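Dear colleague,

I am passing on to you the structure that I have been looking through, with the sequence alongside. Please have it open while you read the notes below.

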Amino acid sequence: MASDNVNDGRDARDAGDEAAAGAGLSTAPAQEDETPAAADAPREGGTVHPGSFGGARRPGAAGAAGWLAREVTGWTRWAWRQLTSMRVALILLFLLALGAIPGSLIPQSDANALLVEEFKADNDLLGRVYERLQLFDVYSSVWFSAIYILLFVSLIGCIVPRTWQFTGQLRGRPPRAPRRLDRMPAYTTWRTGADPEQVLGAAQRVLKRRWFRTAPGEGSVAAEKGYLREAGNLLFHLSLIVMLVAFGTSQLFYSEGGKLVVEGDGFSNTLPQYDDFSSGTLFDVDHDLDPFGFTLNEFTAEFSREGPDLGTPTVFRADITYWTPDGTETDATVQPNQPVVIGDSKIYLLGHGFAPVITVTDGQGRTAYSGPVPFLPQDTALTSTGVVKVTDYLDENGEPEQLGFQGFFNPSYAIDEVRGPHSTFPDPDLPVLTLTAYHGDLGLDSGIPQNVYQLNTRKLEQFTDEDGEPFRFDLLPGESIDLPDGKGTISYEGYERWATFKVSTKTGNGWALTGALAAVAGLAGSLLLQRRRVWVRATTDEAGRTVVELASLGRTESARIPEELADLAAALQPDAPMIPESSDQGARA
């Protein structure tokens, strides 16, 4: 019986040694019992409530208050443990990605309010449902913000204690060698004639050369390596926080606007100048827009005329001159993916097209309209559509009226029965302007906003020719045509090129890129590096020979652990040469 007790005591000590040897290989939080302490021993005169964190509840107001405090504290700690667990963090990350899908598929108010209104008009019931669920404002919605903030808190709650624990591990020493090294996953031993001190000194030198942290002990050396694994893990989580902060900052402080500029015209970076504009909640358009402007001097586009790349742009360039508040003017070139940076703003080149120069004279012979009119491309050959709206017009009787023209501009004109007028190549080889004409009320005085590239013909009457057919005509540069019934003339003087620009101010892009790169580096370190410990012990046996023992323990099972231990043993052989032994005393690994 006494022998059994002694063996049990030794087993318990060995188990304790092995637990201490593996302690601290990871900073991952230990799993705790998540069940409320329903079975806590009741205090005298108290009552236990099943499923309660408060334990026994004493009678009276003081007992109730104490029980309630313990209950609130217990549930708060339980909720915090759940929120900062890896499982919940992954769920929140998945929900964040899932919540971003509607923002990509459903038009957003901050990006295109007009498109949102059109969607609501076309889908009355669905539009009301989407509006109730805040699907037109996904990234500023309550539910998306809640997921975002919870994920942020979860990551911080996970990183802070693990960082503190990891710092303690770096300041500490590798744990001493367990009493039974032969119980480690990788183990080897041999006998040598070298002194134990000589063996341990050589082992410490070998381990240091291999970047192990060493700690000499009584008859042994403890070493540890692979701290960068946990550092990579923490770096990955910290990088996620950096990217979340960068994303949130970019959504709150960004601005983005588009502008179509005809050659020779200019743009000033003020809100009324934009064709469309969106900004973050905390962006102040009155103070945060960079003060600058620019003039489009020339737009150049060249296209391949042969081979499989026929019609593909080979040159796509906008030459501009921009000015800043100090009066400095600078020439610059904007090309795709090569924006011009002015202050915190970037000017991107998005698209291009043609603007026919049109002159309209009214029924009194005076010029009612003159200037370039941008036409919008519809295909890669730059078949373009557009409208001309003439408001300052008097008819043949001197009565005020309005004219409207709509049609096509085709840089390389062609026509067939299927497609009608169209372009066959994006260069202006045969630049023909094809229009139909209307007169009446354009509807501009109603106060309802209109698209400048669309013609509302509801209150307009189409001109007809002598045969009663719709009046449609084709013009080459320099040609003009008389409108029916002495209504005036329209002339096609030539064309200009135009380009569309995006002016963007986005904060946090650099931080987001840094966070993404750091996350990749941290993840690589976490996956590729192995945290492990090595112990070397040298003792003298009954015959006076030195017994050398090497053992290694890794955080996870890996074939690299015994291989590394074998390399260490081989490196130690010159200083601790093996004494040949009988076959039953060979090395074991």
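The model is predicted, and what I would turn to first is an open sheet of 4 strands, which are arranged in the order S7-S9-S10-S11 and pair in the antiparallel sense. At the edges of this sheet lie strand S7, covering residues 266-268, and strand S11, each of which pairs on one side only. From one strand to the next, the twist averages 25°. In general, the strands of a sheet pair through backbone hydrogen bonds, and they may do so either parallel or antiparallel. Here, S7 and strand S9 (residues 293-303) are joined in antiparallel fashion over 3 bridges, and if you look at Gly 266, you will find that its bridge partner in S9 is Thr 295.

The other topic is the backbone at two loop residues. Most residues other than glycine have a negative phi. Asn 337, however, has a positive phi, near 65°, and this residue is found in the loop that runs between strand S11 (329-334) and strand S12 (340-342). With a relative accessible area of 77%, Asn 337 is exposed, because the cut-off for that class is over 50%.

Gln 134 also has a positive phi, in this case near 60°, and its place is in the loop between helix H5 (124-132) and helix H6 (142-171). Is Gln 134 buried or exposed, or does it fall in between? Its relative accessibility is 29%, and since buried means under 20% and exposed means over 50%, Gln 134 counts as partly exposed.

With best wishes

Methods
Residues are numbered from 1 along each chain as its sequence is written. This is a predicted model: local features need pLDDT of at least 70, side-chain atom pairs count only at pLDDT 80 or more; totals for chains, interfaces and linings use all residues. Side-chain values use heavy atoms; hydrogens and water are left out. Buried means under 20% relative accessible area, exposed over 50%, partly exposed in between (1.4 Å probe, protein chains only). Two strands pair if DSSP finds at least two bridges between them. Axes are lines fitted to C-alpha atoms, for helices over the stretch in contact, and angles run from 0 to 180 degrees between N-to-C directions.
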